[in-house]
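Work through the exercises below with the sequence and the model at hand. Each task is followed by its solution in steps.

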Amino acid sequence: MPNSFVEECDEFVGDAWLAYRNHPWIEAMAAGTLPVEKFVRFQVDDAPYISDLHRALALGVSKAPTGSSWAKAACTVLDDVWVLGEIEAKQELLAELGRTAPLPRGPEAYCPAREAYANHLVRTALECPIGEIAAALLPCAMFTEVIGRRFRDVDIPGPDAYRRWARIYVERAVHRMAAEHAAMMEAEAARTDDRGRARMKLKYLRSVQHQIAVFDSAWELDIDWPGSRARTAVLHG
């Protein structure tokens, strides 16, 4: 039996959580068989998403209890140095792999899976209370476990860029934000009713499913919008 509301959410999500944690993209990186183009694809698609992820956090700050530790952690993540640093770190990693073109950041740069995930987060942050916002944001923050913890003491085969990317998710600020999402979910689950808890669980499930979809997109190199020409040239910058 689950001991916490977050554990209830994990139970509700079921096999989708395992599909996220053990996605073929991640397993290939662990095995040393992840093609560089698929690593690059994930990073390129992640660049515009970072801005909307931070917009969702900023909206959450406006709804979080005044002076809450969640709001303080979110403000740390939202600091300009952190936001720009994450994008610049990706740019440096990709340059090592031969892709020197500037990372695209605007909405026109989105592939379908990434735009869907970003829209889910921003809409939740606009329309919903802080418990649902935290529930929607936690699966992304769980890169601390899915990537950071899994590869913390692992010599990942392949380019050094793979290893340095994984180390980003060992950073203290990232871990603090994940812990604050979980704590906020627990607090709000205790305050709300069954309908409120059900909405939080659904937001959590949808984010896990979106997370799987963005890995699917990078793994399958499925970035084309219906009716558009292939845009694979962006991989070679």
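**Exercise 1.** Decide whether Leu221 is buried, partly exposed or exposed, and say what stands out in its backbone.

Solution. The model is a predicted one. Step 1: the relative accessibility of Leu221 is 26%. Step 2: buried means under 20% and exposed over 50%, so Leu221 counts as partly exposed. Step 3: to place Leu221, look at the segment after helix H12, which covers 194–220. Step 4: the phi of Leu221 is positive, about 55°, although Leu221 is not a glycine. Step 5: for comparison, most residues other than glycine have a negative phi.

**Exercise 2.** Describe the fold from its elements, and test its compactness against the globule rule.

Solution. Step 1: count the elements; the protein has 12 helices and zero strands. Step 2: read them from the N terminus, which gives α-α-α-α-α-α-α-α-α-α-α-α. Step 3: the radius of gyration is 17 Å, close to the 18 Å that the globule rule gives for 237 residues, so the protein is as compact as a globular protein of that length. Step 4: the C-alpha trace spans about 50 × 35 × 35 Å along its principal axes. Step 5: turn to the contacts with a separation of 6 or more; residues 24 or more positions apart account for 78% of them.

**Exercise 3.** What share of the residues is buried, and what does the protein expose?

Solution. Step 1: of the 237 residues, 49% are buried. Step 2: the protein exposes about 11100 Å², and carbon and sulfur atoms supply 53% of that area. Step 3: add the charges; there are 28 positive and 34 negative side chains. The centres of these two sets lie 2 Å apart.

**Exercise 4.** Trace the aromatic pairs that involve Phe42, and state which helices they tie together.

Solution. Step 1: a search of the whole structure finds 16 aromatic pairs. Step 2: one of them joins Trp25 and Phe42, with 5.1 Å centre to centre and 40° between the planes, a tilted pair. Step 3: Trp25 lies in helix H3 (residues 24–31) and Phe42 in helix H4 (residues 36–63), so this pair ties together parts that are 17 residues apart in sequence. Step 4: check burial; Trp25 is buried at 0% relative accessibility, and Phe42 is buried with a relative accessible area of 2%. Step 5: Phe42 also pairs with Trp165, edge-to-face, at 5.9 Å centre to centre and 70° between the planes. Step 6: Trp165 belongs to helix H10 (residues 160–167) and Phe42 to helix H4, so here the parts tied together are 123 residues apart in sequence. Step 7: Trp165 is buried too, at 0% relative accessibility. Step 8: ring pairs link these residues into a cluster whose members include Trp17, Tyr20, Trp25, Phe39, Phe42 and Trp165.

**Exercise 5.** Is His23 buried or exposed, and which residues is His23 in contact with beyond its neighbours within four places in sequence?

Solution. Step 1: locate His23 in the loop between helix H2 (15–21) and H3. Step 2: its relative accessible area is 2%, so His23 is buried. Step 3: leaving aside neighbours within four places in sequence, His23 is in contact with Ile212, Phe215, Asp216 and Trp219. Step 4: Phe215 is also a member of the ring cluster from Exercise 4.

Definitions and conventions: Residues numbered from 1 in each chain as written. Predicted model: local features only at pLDDT ≥ 70, side-chain atom pairs only at ≥ 80, totals over all residues. Heavy atoms only, no water. Helix = DSSP H or I, 4+ residues; strand = E, 2+ residues; numbered from the N terminus. Rg over C-alpha atoms; globule rule 2.2 N^0.38 Å. Buried < 20%, exposed > 50% of the residue type's maximum accessible area, 1.4 Å probe, protein only. Contact = heavy atoms within 4.5 Å. Areas by Shrake-Rupley, 256 points an atom, 1.4 Å probe, with all protein chains shown as cover. Lys, Arg positive; Asp, Glu negative; His and termini not counted. Charge placed at Lys NZ, Arg CZ, Asp CG, Glu CD. Phe/Tyr/Trp six-rings, centres within 6.5 Å; stacked < 30°, edge-to-face > 60°.
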